[in-house]
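Here is a short tour of the structure for anyone who likes to see how strands and helices are put together. Have the sequence and the 3D view open as you read.

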Amino acid sequence: QLDQNQQVATEAEQSALLVHLVRSDEASTQSDQDTFYQVKAWFINDVGRYRAHQQSKVPSADLSEGKQGIIPLTLDDATGDETYALSTLPDRLPELIGCFLAQSNELSDVDPVLHFFLPMDLMNQAVDRWQLQDDYGGLPEAMGDYYPVVLRCAERLARNYRQRNLWKKKWQHHEQVRSQPAHKAFVSGDDQNLVTLKKSLL
């Protein structure tokens, strides 16, 4: 019970910046050399309150936009329909993240956890090592050195994701082994064919 209370207290003080990369089929089909993505971002001021609201499904004025709800973030002079080439993401995306972080600083005094919802083909990107520019002209700094970074598979957000129940069971299993040695949560790829390995990971 004490651990649960501590977790609730910690979440109540935690903010989150959500960044979703969406493949732009229209822009990508017009290029033979690159794939293009749209970037969407939201800010959650109070993760604990937001989760409680999501679980209760009870409307609350306290969870309105600008208070404890989820707040869309936009860039000045941007329509939200801009696309970015895959080859430019390691340089361009940190610039966008810097702008989103500046906006989040105006909404909360707590540094957010950065959640990146990436398509499967981008899950191998070293997002936590992408370089954020220093506001005062200093050396660039790795994003993961200053903010907790979480990678999430964007395909699992889709309502038609057919392995949703299996994914939830695996997630519950990983939650249960959090207090155990780390090797119990890993899946070995040795001597496994790709089909078997995929079933183990998904």
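The notes below cover strand pairing and then one helix.

## How the strands pair

Keep in mind that this is a predicted model. A good place to start is strand β2, residues 36-44, which runs antiparallel to strand β1, residues 16-23, with eight bridges joining the two. To find the pairing on screen, look for Leu-17, which stands opposite Phe-43 in β2.

Strand β2 has other partners too. Four bridges join β2 to strand β3, residues 70-73, and these two strands run antiparallel. Here Phe-43 stands opposite Ile-71 in β3, so you can use Phe-43 as a landmark for both pairings. Strand β4, residues 84-85, also pairs with β2 in the antiparallel sense, over two bridges. In that pairing, Phe-36 stands opposite Ala-85 in β4.

## The length of helix α4

Now turn to helix α4, which takes in residues 89-107. How far should its 19 residues span at 1.5 Å a residue? The expected figure is 27 Å, and the end C-alpha atoms of α4 are 26 Å apart, which agrees.

## Two sides of helix α4

Which residues of α4 are buried? They are Leu-89, Leu-93, Pro-94, Leu-96, Ile-97, Phe-100, Leu-101 and Ser-104. These residues cover an arc of only 165° around the axis, so they lie on the same side of α4.

The other side of α4 is where you will find Asp-91 and Glu-106, both of them exposed. Try colouring the buried set and then this exposed pair to see the two sides for yourself.

Definitions and conventions
Residues numbered from 1 in each chain as written. Predicted model: local features only at pLDDT ≥ 70, side-chain atom pairs only at ≥ 80, totals over all residues. Heavy atoms only, no water. Expected span 1.5 Å × (residues − 1). Buried < 20%, exposed > 50% of the residue type's maximum accessible area, 1.4 Å probe, protein only. Arc of directions from axis to C-beta. Pairing = 2+ DSSP bridges.
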